[in-house]
Amino acid sequence: MTMTGGWHPVALSTSIEPASSAGTHIGGGEFVVWRDGSGAAHVWEDRCPHRGMKLSFGFVRGDHIACLYHGWQYDAAGRCRYIPAHPDLEVPKTITVPAYRTVEAAGMIWASRDPEPATAPADPGEVVPVRSLYLAASAETVLQVVEGFPPRPFGGDAGPAGLEPVGANLHRLDIGPDTLLLGLQRLSDERTALHIVIAGPAETYSGEGQKHFLAWTAALRHRLESAPAADAVLSTEAV
Amino acid sequence: MAGIVFHNYELDECCYKVRLALSMLGLEWQTVAVDAFPGSEQVSPLYLAMNPLGSLPILKDGGLVLHGAETILAHLARSRDPSGRWLPAGGGEFAGVMQWLVFSAASLSVTVRARSSALFDTPGDEEAPRASAAKALRIMDDHMTARGFDGADWFAAGHATIADIALFPAFALSRDYGVDHDEYPALRRWARRFRAVPGFMTMPGIPDYH
Ligand code: FES
């Protein structure tokens, strides 16, 4: 499979509402992220065992996700429970969708293929979501541009910014009194999602604070897209 | 007779905008089916007399013959919705609706080209319209992300307006032209809300989750 070891963020928690699903990629592989009716998040291979259609095109009912094409239904463990064309059939338990370990931390949904992943992403306390930013660049390039072009703090004067990894795909960006957490999702070698939350209370950041950092994400994206030679320049600088 | 007569082609997303509006406003209307594909009936002399642009939808209302989905939406809202919710008269909300209607008719029309070249094999490059379409959807997703921080669920007002109706088909049908919903989380949430508006209906290419 294309998912490497360790934890990978796949969405902001708030982007996947109960009883909804979305498709995503890790390392070029296709995954479905869905939340059942009770609120538990799941990350599976995005492929229906029947004819290989994308499960992310389907829909969630209660604790089942149903494939759009012929309505096969899968329970939260990934096992097929119902085949509409054969309503009386006891579905063989071999019909399953590969499911990944899924946790929620730092306002993001994380997946891992490891049966016992080393450490779950640390819980930073209260966070306020900003957005998931989708960028046509490698994860390394994205990090370099973030480091070279940090946001201004929301509350105070511009101070030195610091970017440091706090997990395999989780980075902490300190800017003055503010802290952003950046989840890095390697969609493919040249496409990256940056899941961004503010570490801090909603009381402080809700509304204006979110908009402040949202404006930075647009400028960051613009910077990446308007400098086609960014990769080359940055790697020269890095040398 | 002051009834509404709607010249419709089922697979046309601009006709779908009008069907949505008629249904969500709770109106009664009469449909005339147009053989747009493969018949190209909309460019026959009979239809060119109603709309010299040779496009659908066309709506007749009493003595009016209107073409262009956004115009028709505005007419229906203004003439048939006494509450004024679908086309608010107030400054900011009215301006917001107009801005997104124009966006829908202009910038977002690239999605119509992308879809028709993908579905009906109309000649032309497929990749360029797809990339422009993805960029237009991104503008919408950026807007709805920011709206969310103001606690607003809809494009131009605190409730659904004809702007939401005009914008929905391009997003809901994007898989027809090869753009997935993966990278538009704010639009996914908005589309779920839109589906719950009374009078919502689907069209071919937009699944009905029953
Ligand atoms: S492909 Fe999923 S049910 Fe047939």
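Chain A and chain B bury about 2,100 Å² between them in this predicted model, and carbon and sulfur atoms give 45% of that area. On the chain A side, A:E17, A:F57 and A:Y134 stand out, supplying 22% of the area that chain A buries against chain B, more than any other three residues. The contact itself draws on 30 residues from chain A and 19 residues from chain B.

What holds charged partners together across this interface? Nine salt bridges are counted between chain A and chain B. You can look one of them up in the structure: A:E17 pairs with B:R189, and the closest N and O atoms are 3.6 Å apart. Salt bridges are counted when a side-chain nitrogen of Lys or Arg lies within 4 Å of a carboxyl oxygen of Asp or Glu, so this pair qualifies. A:E17 therefore appears twice in this story, in the salt bridge with B:R189 and among the three residues that supply 22% of the area on the chain A side. Polar contacts between chain A and chain B come to 10 residue pairs, with both residues at pLDDT 80 or more.

Which elements of chain A touch chain B with two or more residues? They are the strands β2 (20-26), β5 (59-61) and β11 (127-135), together with the helix α3 (208-226). The residues on this side of chain A are mixed in class: 12 are nonpolar, 10 are polar and eight are charged.

Now let us step inside chain A. Chain A is divided into domain 1, residues 8-112, and domain 2, residues 127-234. The centres of these two domains, taken over C-alpha atoms, are separated by 29 Å. Where they meet, domain 1 of chain A brings 15 residues to the contact and domain 2 of chain A brings 18 residues. Together the two domains bury about 1,100 Å², with 66% of it on carbon and sulfur atoms. In domain 1 of chain A, the residues that lose the most area to domain 2 are A:P9, A:L12 and A:M108, which together make up 40% of what that side buries.

How many salt bridges cross between domain 1 and domain 2 of chain A? The rule finds zero salt bridges there, while it finds five residue pairs in polar contact, both residues at pLDDT 80 or more. On the domain 1 side, β1 (8-12), β2 and β10 (108-112) of chain A each supply at least two residues. Of these, β1(A) gives the most, with five residues. By class, this side of domain 1 of chain A has eight nonpolar and seven polar residues, and no charged residues.

Chain B is the next stop. Its secondary structure comes to eight helices and four strands. Following the sequence of chain B, you meet them in the pattern β-α-β-α-β-β-α-α-α-α-α-α. How does the overall size of chain B fit its length of 210 residues? A compact globule with 210 residues would have a radius of gyration near 17 Å, and chain B has 17 Å, so the two agree. Along its principal axes, the C-alpha trace of chain B spans about 50 × 45 × 35 Å.

Chain B is also divided into two domains, with domain 1 at residues 4-80 and domain 2 at residues 91-195. Their centres, taken over C-alpha atoms, are separated by 21 Å. The contact takes 15 residues from domain 1 of chain B and 15 residues from domain 2 of chain B. About 1,300 Å² is buried between these domains, and carbon and sulfur atoms give 76% of that area.

Which residues form the salt bridge between the domains of chain B? One salt bridge is counted here, and in it the side chains of B:E13 and B:R115 meet at 2.7 Å, N to O. There are also four residue pairs in polar contact between the two domains, both residues at pLDDT 80 or more. On the domain 1 side, α1 (13-24) and α3 (69-80) of chain B each supply at least two residues. The largest share of that side, seven residues, comes from α1(B). By class, the side of domain 1 of chain B that touches domain 2 has 11 nonpolar residues, no polar residues and four charged residues.

How values were computed:
Residues numbered from 1 in each chain as written. Chains lettered and ligands numbered in written order. Predicted model: local features only at pLDDT ≥ 70, side-chain atom pairs only at ≥ 80, totals over all residues. Heavy atoms only, no water. Domains from an automatic or database assignment. Contact = heavy atoms within 4.5 Å. Buried area = accessible area lost by both parts, 1.4 Å probe. Polar contact = N/O pair within 3.5 Å; in protein donor to acceptor, adjacent residues only side chain to side chain. Nonpolar A, V, L, I, M, F, W, Y, C, P; charged D, E, K, R; others polar. Rg over C-alpha atoms; globule rule 2.2 N^0.38 Å.
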